[in-house]
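User: I'm new to this one and would like a close look at a single part, the sheet and whatever sits around it. Please spell out the terms along the way.

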Amino acid sequence: ALLSRVLLHVCLPNMPKDATKKRNATADVVSRVYTVNLHKRIHGVGFKKRAPRAINEIKKFATKAMGTKDVRIDQSLNKAVWAHGIKNVPFRIRVKLSRKRNEDEDAKDKLYTHVTHVNVATFKGLQTVNDVEA
């Protein structure tokens, strides 16, 4: 353990400065389309808490994927999750995560994530897609 600390301390100053810094993922505005598996995320949750938990899990997924604390759920996505009631949440849902600049002057965060629903016929063979922001 002591040797690894010494090696780490000796090797780090010689490395380029970019290699030691973590890239700021929240610096750019981008949109991506993901498939979120809600089934595994709400497994074992009681019936009367399934749809609210699904919304929270989508927010948690968006926070992790986009690196922003401020996540805003679109009304269409909320309706899609709640379409069959509080207990019958869809197994999977296709969402578009858009990282946008916060226009509010006194906002705590510079960027926020807007999550919208993408309607698909089947989830077979779908992958994450980078969308082009206009």
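Analyst: Let's start with one pair of strands: strand 1 and strand 5 run antiparallel to each other and are joined by three bridges. Pairing here takes at least two bridges found by DSSP between the two strands. Strands (E, at least two residues) and helices (H or I, at least four) are DSSP runs, counted from the N terminus. Within this pair, V33 faces V129 of strand 5.

Before going on, a word on where the values come from. This is a predicted model, in which local features need pLDDT of at least 70 and side-chain atom pairs count only at pLDDT 80 or more, while totals for chains, interfaces and linings use all residues. Residues are numbered from 1 along each chain as its sequence is written, and side-chain values use heavy atoms, with hydrogens and water left out.

Now the wider view. The protein contains five helices and five strands, and along the sequence they come in the pattern α-α-β-α-α-β-α-β-β-β. The five strands make an open sheet with mixed pairing, ordered 2-4-3-1-5. Strand 2 (71-73) and strand 5 (129-131) are the edge strands; each has a single partner, so one side of each has no neighbour in the sheet. On average, neighbouring strands are turned by 30 degrees against each other, ignoring direction.

What about the other partner of strand 1? Strand 1 (residues 30-37) is antiparallel to strand 3 (residues 92-101), and eight bridges join them. You can follow the pairing residue by residue: V30 has R99 as its bridge partner in strand 3, V33 has K96, and T35 has R94. That puts V33 in two places in the story, since V33 also stands opposite V129 in strand 5. As background, side chains in a regular strand alternate between the two faces of the sheet.

Strand 3 also pairs with strand 4, antiparallel again, over seven bridges. There, K100 stands opposite Y112 of strand 4.

R99 deserves a stop of its own. R99 sits in strand 3 and has a relative accessibility of 2%, which means it counts as buried. (Buried is under 20% relative accessible area, exposed is over 50%, and partly exposed is in between, using a 1.4 Å probe and protein chains only.) A polar atom in the R99 side chain lies 2.6 Å from the backbone oxygen of M66. For the protein as a whole, buried residues make up 27% of the 134 residues.

Next door to R99's strand is the loop between strand 3 and strand 4, where you'll find N102. N102 counts as buried because its relative accessibility is 19%. Leaving out residues up to four places away in sequence, N102 touches D70, R72, A107, D109, K110, L111 and Y112. Touching, or contact, means heavy atoms within 4.5 Å.

Then there are the helices on the sheet. Back at the strand 1 and strand 3 pairing, with its eight bridges, helix 4 (residues 50-66) comes in: helix 4 packs on the sheet and touches strand 1, strand 2, strand 3 and strand 4 (111-117), with its direction at about 50 degrees to that of strand 3. Helix 5 (residues 75-82) lies across strand 2, strand 3 and strand 4, and runs at about 45 degrees to strand 4. Axes are lines fitted to C-alpha atoms, for helices over the stretch in contact, and angles go from 0 to 180 degrees between N-to-C directions.

How do helix 4 and helix 5 pack with each other? Their axes are 9 Å apart, at an angle of about 140 degrees. That makes helix 4 oblique to helix 5; angles under 35 degrees count as roughly parallel, over 145 as roughly antiparallel, 65 to 115 as roughly perpendicular, and the rest as oblique. The crossing is right-handed, meaning the near helix is turned clockwise from the far one by less than a right angle, with anticlockwise being left-handed. From helix 4, A51, P52, A54, I55 and I58 meet L77, N78, V81 and W82 of helix 5.

To finish, look at R41 in helix 3 (residues 38-41). Not counting residues up to four places away, R41 touches V36, E57 and F61. R41 counts as partly exposed because its relative accessibility is 23%.

How values were computed
Polar contact = N/O pair within 3.5 Å; in protein donor to acceptor, adjacent residues only side chain to side chain.
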